[in-house]
Amino acid sequence: MNQRNIRNFTIIAHIDHGKSTLADQIMALTKTVSTREQRAQLLDDMAVEQAHGVTVKARTVRNYYQAEDGQEYEYNLIDTPGHVDFNYEVAKSLSATEGAILLVDATQGVQAQTIANYRIAKKHHLPLIPVLNKVDLASADIEAALAELHDLDSAFTPDQVLLISAKTGQGVPAVLEAIRTRLPAPTGDATAPLKALVFDSLYDPYQGVIAYVRLIDGQLKSPQALNLMAADCHFTSKSIGVMTPNMLPQTNLHAGDVGYVVTGIKDPKQIRVGDTLTSAETPTSQPLPGYEPAKSMVFAGLYPQNNDFPALKAAVQKLNLNDPSFTFVEERSEALGVGFRCGFLGAFHLQIIRERLQDEYGIDVLTTAPNVTYHVTLKNGQHVVVNNPVQFPAFSLIEQVEEPFMKAEITTPDASLNAVLKLAEQHKGTLIDLSNNGELVVAVVKIPLSEIASHFFSELKSVSHGFASLNTTFYDNEVSDLVKVEVDINYAPVDALTFVVHREDAPQMTQQLVIGLKSTVPRQLYPTPVQAIVEGKVLARVDVPPLRKNAAVNGDKHSVSKKAALLRRQSANKRRATKNTIKLPQSVFNTILGI
């Protein structure tokens, strides 16, 4: 294919604005997939994507478009997620393209993730094609949506915005023509040494690591001796090809193409997304800049329910290859055994990883409560970074604790503003700025990351009746009055239940916690005390009722005091015998998530 006839592009949008549906229509109109193969969310092939109706992983597919000028064009589409937790996937995809379609739902207008993705695209200096979707619906407010797009970018005039219905196919042919006329062709040199960007990867148990690459310069052949410049990893390609959307082998790829390389490498750690692929014999002189590493915002522990740690270790290593924003480090819990302390981009990212472990690898895991990174200054002047609440120093050693704050941009209709600001205040948020964006109000709030890690997004949707949207960026680390809550079950500390909370919230949260644990901790044959301890003091306690066989009722007649003495001895003996053998189900850890 002539390089002038290649277009590499992506579709960026807020979640549920019809991005996957438009991708399906593009593949259908270009006859990339047959009528028999067509189905909804064709590129969202993971079970969690189908279940949640969202895109989690960026996917690539090559389409061949017969344009109105009579020529055939190669359209390389890289699909992207829309959820705020997966901004990293969007940034990776945009770095491998020359332009993007900015898709907006005509019934909802410009939303927070629309603005966030727009800014990422502008940071990469990419031309954008504004497209208004769902214009066929009765609830569509086209004029308001056009005005919001113009407020976002003055270049998005009504005559530049394409009106479509991705579901029915209305207006989609005009989008295909706009890709040809408005987006530039790649500008690589096919005669230069091979230089390719590894923008994604996956692991195949038979073929090893499969790297998705965008060729900047040169040619890629198979077999060919190759080198990953940052990792200094040498290998010979087993096969190369393109995605249509299934893998289609090719004999060679040229500058401007998007394809895959079967590396045969079995160690997932050897390939890093953002690395530069070049020829081992005639390497390029300058590597590509790569990516800024993703920063984990939420941390939680993952432990195997069936004690099969080797299987969990293999699974998280492969997930880390497919999703480099997911990080892990091995840790040991006295209550749960060996597991991993993992980093996630957000609470939804954590949920997706849990479901992928179950769906793709058949591994059930126990997940501890999410937490964030704290910076602790000790009285001796030492600074400690704490990702695990168990490692939080004793209160007598602490001089001060800093926690991360986020700058949250909340876009909401004017009618919901008071409820949204009240919610932010309840979560210790401080209003920084308030502005209008068309008919929407944008509230900029400084808020602790720990307050928005779990339930804040769903609560925001609730108080705004589904219309508010959230975009967050790191603000700074600030000093806060925080305490560590330790949980004892049957007088034995359960380190996996430890969490850090603001001091003013500790009394109420510990009471809620022990009441919740009363119904979730498995019953024993004796009363099981559950205690929440802060700085050596028991703030809340409850006894889990026993499932007991009454040793004092054996057919003989005893006095009341005799029966009571027998029960006390029975309870004490059983407690000593089984002090550390209580197995905790996931519902126990979910209790912490619910408070």
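Glycine 218 sits in the loop that joins strand S8 (208-217) to strand S9 (219-221). This is a predicted model. Is glycine 218 buried or exposed? Its relative accessibility is 0%, so glycine 218 counts as buried; the cut-off for that label is under 20%. Look next at what surrounds this loop residue. Setting aside neighbours within four places in sequence, glycine 218 contacts Asp189, Ala190, Ala192, Pro193 and Leu194, and also Leu253, His254 and Ala255. Take one of these partners, alanine 192. Glycine 218 and alanine 192 are 26 residues apart in sequence, yet their C-alpha atoms are 4.9 Å apart in space.

Now step back to the whole chain. The protein has 595 residues, and buried residues make up 54% of them. Its secondary structure comprises 14 helices and 31 strands. Consider the contacts with a separation of 6 or more: residues 24 or more positions apart account for 69% of these. The exposed surface comes to about 26000 Å². Carbon and sulfur atoms supply 50% of that area.

Turn to the interior. In soluble globular proteins, nonpolar side chains tend to be buried together. Here the largest nonpolar core holds 26 residues. Which of them touch the most other members? They are Phe9, Ile11, Leu22, Ile101, Ile129, Val131 and Ile179. Several elements give two or more residues to this core: strands S1 (6-13), S2 (59-66), S3 (72-79), S4 (99-105) and S5 (128-133), together with helices H1 (19-29) and H6 (172-182). H6 gives the most, with 5 residues. Apart from this core lies another, of 25 residues, including Val376, Leu378, Met406 and Val500.

Isoleucine 129 gives a view of the first core from one side chain outward. Beyond its neighbours within four places in sequence, isoleucine 129 is in contact with Ala100, Ile101 and Leu102. Its other contacts of this kind are Leu162, Ala178, Ile179, Arg182 and Leu183.

Helix H1 deserves its own look. It is mostly covered, with 8 of its 11 residues buried. The buried set is Lys19, Ser20, Leu22, Ala23, Asp24, Gln25, Ile26 and Met27. Lysine 31 follows H1 and has a positive phi, near 60°. How does H1 meet H6? Their axes come within 10 Å and cross at roughly 80°. Angles of 65 to 115 degrees count as roughly perpendicular, so H1 is roughly perpendicular to H6. On the H1 side, Leu22, Gln25, Ile26 and Leu29 make the contact; on the H6 side, Val172, Pro173 and Leu176 do.

A second helix pair packs at another angle. Helix H9 (residues 417-426) and helix H11 (residues 456-463) have axes 9 Å apart and an angle of about 155°. That angle makes H9 roughly antiparallel to H11, because the label applies over 145 degrees. The crossing of the two helices is right-handed. From H9 come Ala419, Val420, Leu423 and Ala424. They meet Phe456, Glu459, Leu460 and Val463 of H11.

End on a second glycine. Glycine 339 lies in strand S19 (residues 337-344). Its relative accessibility is 0%, so glycine 339 counts as buried. Leaving aside neighbours within four places in sequence, glycine 339 contacts Leu302, Tyr303, Phe309, Val329, Glu330 and Glu331. How far is glycine 339 from asparagine 307 in space? The C-alpha to C-alpha distance is 9.1 Å, with the two positions 32 residues apart in sequence numbering terms.

Notes:
Residues are numbered from 1 along each chain as its sequence is written. This is a predicted model: local features need pLDDT of at least 70, side-chain atom pairs count only at pLDDT 80 or more; totals for chains, interfaces and linings use all residues. Side-chain values use heavy atoms; hydrogens and water are left out. A nonpolar core is a set of buried Ala, Val, Leu, Ile, Met, Phe, Trp, Tyr and Cys residues joined through side-chain atoms within 4.5 Å. Buried means under 20% relative accessible area, exposed over 50%, partly exposed in between (1.4 Å probe, protein chains only). Helices (H or I, at least four residues) and strands (E, at least two) are DSSP runs, numbered from the N terminus. Contact means heavy atoms within 4.5 Å. Accessible areas come from the Shrake-Rupley method with a 1.4 Å probe; for residues, only the protein chains shown count as cover. Axes are lines fitted to C-alpha atoms, for helices over the stretch in contact, and angles run from 0 to 180 degrees between N-to-C directions. Angles under 35 degrees count as roughly parallel, over 145 as roughly antiparallel, 65 to 115 as roughly perpendicular and the rest as oblique. A crossing is left-handed if the near helix is turned anticlockwise from the far one by less than a right angle, and right-handed if clockwise.
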